[in-house]
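Notebook open, coffee poured. I'm jotting down what I look up as I go, starting with the packing and working outwards.

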Amino acid sequence: MPDVSAPVIKLVRRTTEPVAAQTLRSTAAAVISYVVALMVLPDQPAPLTAPLTALLVVQVTLYATLTTGIRRVNSVVVGVLIAIGFTALVPLTWWSLGLTIFTSLIIGRYVRVSEFVPEVAISAMLVLGVSQAASAAWHRVLETLIGAGVGLLFNLLFAPPVWVQSAGASIDGLARGMGRMFRTMGDEVGEGHIPFAHAAARLHEARRLDHDIVEVDASLRQAEESLMLNPRVREGLLSRIVLRTGLDTLEICAVVLRVLTRTLTDLAKFRTEESLFPPDVAAALKELFEQMATAIESFARLITTQVAASAEDAEERLTAALAASRATRDLVADLLLEDVREHPRQWQLHGALLAEIDRILDELDIDKRTERLTQELDRHSAELRERHPRLAALRRRLSGNGGERRPAVEA
């Protein structure tokens, strides 16, 4: 399989994101909300709060649109109520303005408006500076409701895109990066002697995988939100769990890979004038690292494949790669055992190397993946029953068998 560099993967991610479509959606929603506000409030010369709210509400995902709209309306209503209260008690002065802003920011922390805490103070100030505070407060609340309503209806009628493809590209890029590391380590081990500086550089490269995982996690969170409440998606829960559990597995493998590079670095530190492994062990390890790279890349393709037939092919490739890796691992273990008997130095590092290889192969195992998916589905069902017992009871009645129907575990 041809190697793909990180800049190319990032370019593909950017070109697959529908930025132009999102820009047009936000612009159209803002203009529509402005026109509606002019029709509802003809006495207001420029009801700009409505298009501003629509811009903030029409987010990338439908779930974010709904939650943002609720927080936005909540912040405006709280700010308006604070302003009305202060207007009834004290006149507008520098100290009353400061007290209003301070109170708004404090209360905004407790009404769960998240990033819209400053909006509480802004709404209070805009109403506080108007002579007819009650009328201005009503207009501002109504404009906010219009903008939030238009934004929500806009996303319901024109469903936002599903960001699973972008998240899949991120996961695939992470797996390819780990595969490149395994192949590079295999090439270095096959060359015989590894300078300590080269081994340490590989360790630092493995540590940088943590930053890649953070970026992939952010992309996956966006994909998870795009699947929630989206009318385009029928089995959003299953897709979210498949991607999330898959990333968890790759994250564990990345941690073990970092430990594995540390083991090789320690061996290189002790064996400064000789080969890291005998020629037969080095050749077997090079083959093993190549097979493990193929297994990790096949695992990524499996969890990011949406078509059932393609998922079966990916599962077959993963099964074959794992079987070959385990066979080669056993060969390496036998060869290392003979080498330890002749050269007992650093035998504990050889054992650690085998244990780390075993951990990665175990995490990529098909049966363990199925078990993890089942556990996550069961956990989600249990949480749903605890949070919404009536909804769970209704689902059981509709299923007709007294229990919840679990979707098939397919990628």
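**Phe182 and the core.** I started at Phe182 in this predicted model. Leaving out residues up to four places away in sequence, I get contacts from Phe182 to Leu257, Phe289, Met292, Ala293, Ile296 and Ile360. Phe182 belongs to the largest nonpolar core, which has 64 residues. Which residues touch the most other members of that core? My list reads Phe182, Phe277, Leu285, Phe289 and Ile357. So Phe289 turns up twice in my notes, as a contact of Phe182 and as one of those core residues.

Next I looked up which elements feed this core. The ones giving two or more residues are α8 (164-190), α9 (196-207), α10 (209-227), α11 (236-270), α12 (279-304), α13 (308-342), α14 (347-363) and α15 (366-387). Which of them gives the most? That is α12, with 14 residues.

There is also a second core, separate from this one, with eight residues. Phe86, Val113, Val120 and Leu128 are among them.

**Arg183 and Glu297.** One step along from Phe182, I checked Arg183. Its side chain meets that of Glu297 in a salt bridge, at 2.8 Å from N to O. What does the pair tie together? Arg183 sits in helix α8 and Glu297 in helix α12, so the bridge links parts that are 114 residues apart in sequence. Is each partner buried or exposed? Arg183 is partly exposed, because its relative accessible area is 25% and the buried class stops under 20%. Glu297 comes out at 7%, so I have it down as buried.

**Other salt bridges.** How many salt bridges does the count give? I get 15.

Arg329 and Asp330 are one such pair, with their side chains meeting at 3.3 Å, N to O. Arg329 counts as buried at 17% relative accessibility, while Asp330 is partly exposed at 41%.

Lys368 and Glu363 are another, at 3.1 Å, N to O. I have Lys368 as partly exposed, with a relative accessible area of 24%, and Glu363 as buried at 3%.

This pair is part of something wider. Arg359, Asp362, Glu363, Lys368 and Arg372 are linked in a network of salt bridges. I picked Asp362 out of the network for a closer look. Asp362 is in helix α14, and at 37% relative accessibility it counts as partly exposed. I also took a C-alpha distance from Asp362 to Arg326, which is 36 residues away along the chain, and got 9.9 Å.

**A nonpolar patch on the surface.** Then I went to the outside. Which residues form the nonpolar patch there? They are Trp94, Trp95, Leu99, Phe102, Ile106 and Tyr110, and together they have about 790 Å² of accessible area. Trp94 lies in helix α5, which runs over residues 94-108. With a relative accessible area of 73%, Trp94 is exposed. The general rule I had in mind is that nonpolar side chains tend to be buried together in soluble globular proteins.

I checked the record for this stretch too. The unreviewed UniProt entry annotates residues 48-66 and 78-108 as "transmembrane region". In the model, residues 78-108 are 87% helix and 0% strand. The end C-alpha atoms of that stretch are 8 Å apart.

**Ser26.** A quick stop towards the start of the chain. Ser26 is in helix α2 (residues 19-40) and is buried, with a relative accessible area of 13%. Not counting residues up to four places away in sequence, Ser26 touches Leu55 and Val58. Both contacts fall inside the annotated 48-66 segment.

**Whole chain.** I left the totals for the end. How many helices and strands are there? The chain has 16 helices and zero strands. Of its 411 residues, 45% count as buried. Taking contacts between residues at least 6 apart in sequence, 79% join residues at least 24 apart. The accessible surface comes to about 21100 Å², and carbon and sulfur atoms account for 61% of it.

Notes. Residues numbered from 1 in each chain as written. Predicted model: local features only at pLDDT ≥ 70, side-chain atom pairs only at ≥ 80, totals over all residues. Heavy atoms only, no water. Patch = residues over 30% accessible without salt bridge, like charges linked within 9 Å, V, L, I, M, F, W, Y side chains within 5 Å. Areas by Shrake-Rupley, 256 points an atom, 1.4 Å probe, with all protein chains shown as cover. Salt bridge = Lys/Arg side-chain N within 4 Å of Asp/Glu carboxyl O. Helix = DSSP H or I, 4+ residues; strand = E, 2+ residues; numbered from the N terminus. Buried < 20%, exposed > 50% of the residue type's maximum accessible area, 1.4 Å probe, protein only. Core = buried A, V, L, I, M, F, W, Y, C linked by side-chain atoms within 4.5 Å. Contact = heavy atoms within 4.5 Å. UniProt positions renumbered as here; feature names shortened; annotations may be inferred.
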